[in-house]
Amino acid sequence: MNRREFLKLLILLGGTVAVSRCDSLEKGDGPIIEVNGGEGPIFENGGGDRPMIVVGAGIAGLSAAQALHKQGSKVIVLEARSRLGGRVHTSREWTDVPLDLGASWIHGVKGNPISRLAKDNEIITVETDYDNTWVYNTDGSDLAEGEYDILEKYSTLFWRYLRKASNEFDEDVPIQTVVDTLLTKENFSEAEKQTILYLLNRFIEHEYAADINELSAFAFDEGGAFRGEDVVFPDGYDQVVNILAKGLDIRLNQFVRQVEYGQAGVTVTTEQARFEGERAIITLPLGVLRAGSVQFSPALPTQKRYAIQALRMGLLGKVYLRFPHIFWPKEPEFIGYISATKGHWSEWMNIAYYTDAPILLGFNAASFARETETWGDQQIVASAMETLRTMFGTNIPKPDSWQITRWASDPYALGAYSYLPPGTSGETLKALAAPVASRLYFAGEATSSDYQATVHGAYLSGIRAARELIAEQSVDRF
Ligand SMILES: Cc1cc2nc3c(=O)[nH]c(=O)nc-3n(C[C@H](O)[C@H](O)[C@H](O)COP(=O)(O)OP(=O)(O)OC[C@H]3O[C@@H](n4cnc5c(N)ncnc54)[C@H](O)[C@@H]3O)c2cc1C
């Protein structure tokens, strides 16, 4: 069972829907054209047939561009970075072990279009098992056998409360409010409270990249989930990106500043050039839309601007530490830590389990991730080491090297992935996705009301936006 499915089962007591919405649009391979790694010309009008312009070469942009390309449209993809993939980013700095700094998992392999891409292209994936977690108490002692049952009992109790939240509260509240009600009603000891907060952090805050006081109790898990296991890519998620980029005309280093649209078409102005097109698919991350660094002319409709402001960008931080040797238990895939302060270094992935390399991956989410992102590397590593010493003793070696993500300060992401704060719902995501003036179409994980905040959600949103554009194009031809 995958992590989201596990969450939903607990909440809905067995009722999650897993529906594949992909279709033939994403099948087959287009001709291979080299990706343009250089800067574009000063003025580009795309030749006689005006091209479709796709803004962003993340998963959504690439899937949209592929769908248009396969349907026979001329497409230009404009990407601000000097690389492809956006929030799917594999680091190959440690030559023996590729590290995914953005997405790691395919969440739920059954019917998932990303699994199909991986399978069709013989990309190796490996199953992960969240049940294979060893949990450590605040003082570093192992959780005793019976204490795991207590963890499960607390989970069930909490999920029952959360499921009832929509009956108990007249209007949407943060999950924190539901938790407070539970903690007040039941007479928990401090240690029990800490354990509940650990569970909430690990299974909600890490999954949705937001604090429980930021997430909607009614809608935080809006949408569906694919069934089946969760898998990772031992050779890097970027293999999927490279498959999707095949055959496309992609212009890197093109920071889009302005998108003008009207009856005559679209003009997209980057810091280097101007591109004229028939229509455009915008896959800018929610964080970038919220920051207003790309100007739309005329201004986007009120409903869309409302959605941009109402939705929020969450944060998940990853800290990979490489040690001279493995000093932690090799058997668990995950290591949990019931921290004194909620969410401080509470989840670790044992990379040695999958690769034999002496690497641990620490996750932090939401406010603690935002705080640590402002620290220097040395401070982050020192803080991580404090927790590791509590669990594994003071004699453990220092790491030789590390790789640390900073997605909140990345100007082309401004966060990890979107989440639903109180008062928003799937309808808000749909408002973000709605086409504008038959010229602009919107894709990206935050536009996916079915699979928000995932790679497959981004992928399917790209297909959806391409399909909307193609439908409009066909109407124009008659
Ligand atoms: C740390 C982390 C862990 C995650 N873990 C998982 C996971 O395990 N499984 C999972 O399914 N999902 C995971 N996700 C979420 C997943 O990575 C995203 O949902 C998905 O990759 C988003 O794709 P996208 O195309 O919508 O956006 P992006 O990948 O962000 O693509 C948008 C593109 O637009 C470009 N851009 C931005 N501004 C401009 C501009 N002004 N001009 C031109 N181009 C611009 C960006 O550079 C980027 O390439 C994770 C994300 C993060 C950050």
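Which residue in β9 is the bridge partner of Val-126? I will start there, and I should say at once that what we are looking at is a predicted model. The partner of Val-126 in β9 is Val-232, and that pair belongs to an antiparallel pairing in which β7 and β9, the latter covering residues 230–232, are joined over three bridges. If we step back from that pair, we find an open sheet of three strands, arranged in the order β6-β9-β7 and paired in the antiparallel sense. Because β6, at 105–106, and β7 each have a single partner strand, they stand at the edges of the sheet, and one side of each is left without a neighbour there.

Staying with β7, which runs over residues 126–128, we also find Glu-127 in this strand, and with a relative accessibility of 52% Glu-127 counts as exposed. Glu-127 is one of the members of a negative surface patch, where it gathers with Asp-129, Asp-131, Glu-145, Asp-149 and Glu-152. The largest share of that patch, three residues, is contributed by helix α4, which spans residues 145–168.

Helix α4 also takes part in a patch of the opposite sign, since it gives the most, again three residues, to a positive patch on the surface, and the members of this positive patch are Arg-160, Arg-163, Lys-164 and Lys-185. Lys-185, for its part, lies in helix α5, residues 175–185, and it is exposed, at 52% relative accessibility.

Let me turn now from the patches to the paired charges. Side chains of opposite charge can pair when their charged atoms come close. Over the whole structure, a search finds 18 salt bridges, and I would like to take you through a few of them.

In the pair formed by Glu-445 and Arg-87, the closest N and O atoms are 2.9 Å apart. Glu-445 sits in the loop between β23 (440–442) and α14 (455–477), whereas Arg-87 sits in the loop between β3 (75–78) and β4 (90–91), so this salt bridge ties together parts that are 358 residues apart in sequence. Glu-445 is buried, its relative accessible area being 5%.

The next pair is Arg-202 with Glu-347, for which the closest N and O atoms of the salt bridge are 3.1 Å apart. Here Arg-202 belongs to helix α6, residues 190–208, and Glu-347 to strand β19, residues 347–350, so the parts tied together are 145 residues apart in sequence. What about cover: are these two residues buried or exposed? Arg-202 is buried, at 3% relative accessibility, and Glu-347 is buried as well, at 2%.

A further salt bridge joins the side chains of Arg-370 and Asp-211, at 3.9 Å from N to O. Since Arg-370 lies in helix α11, residues 366–373, and Asp-211 in the loop between α6 and β9, the pair ties together parts that are 159 residues apart in sequence. The two ends of this bridge fall into separate classes, for Arg-370 counts as partly exposed at 34% relative accessibility, while Asp-211 is buried with a relative accessible area of 8%. Beyond such pairs, there is also a network of salt bridges, which links Arg-50, Glu-278 and Arg-439.

I will finish with helix α13, residues 426–433, which is mostly covered, six of its eight residues being buried. The buried residues of α13 are Gly-426, Thr-428, Leu-429, Ala-431, Leu-432 and Ala-433.

Key
Residues are numbered from 1 along each chain as its sequence is written. This is a predicted model: local features need pLDDT of at least 70, side-chain atom pairs count only at pLDDT 80 or more; totals for chains, interfaces and linings use all residues. Side-chain values use heavy atoms; hydrogens and water are left out. Patches are made of residues with over 30% relative accessible area and no salt bridge: like charges are joined within 9 Å, nonpolar side chains (Val, Leu, Ile, Met, Phe, Trp, Tyr) within 5 Å. Accessible areas come from the Shrake-Rupley method with a 1.4 Å probe; for residues, only the protein chains shown count as cover. A salt bridge is a side-chain nitrogen of Lys or Arg within 4 Å of a carboxyl oxygen of Asp or Glu. Lys and Arg count as positive and Asp and Glu as negative; His and the chain ends are not counted. The place of a charge is taken as NZ of Lys, CZ of Arg, CG of Asp or CD of Glu. Helices (H or I, at least four residues) and strands (E, at least two) are DSSP runs, numbered from the N terminus. Buried means under 20% relative accessible area, exposed over 50%, partly exposed in between (1.4 Å probe, protein chains only). Two strands pair if DSSP finds at least two bridges between them.
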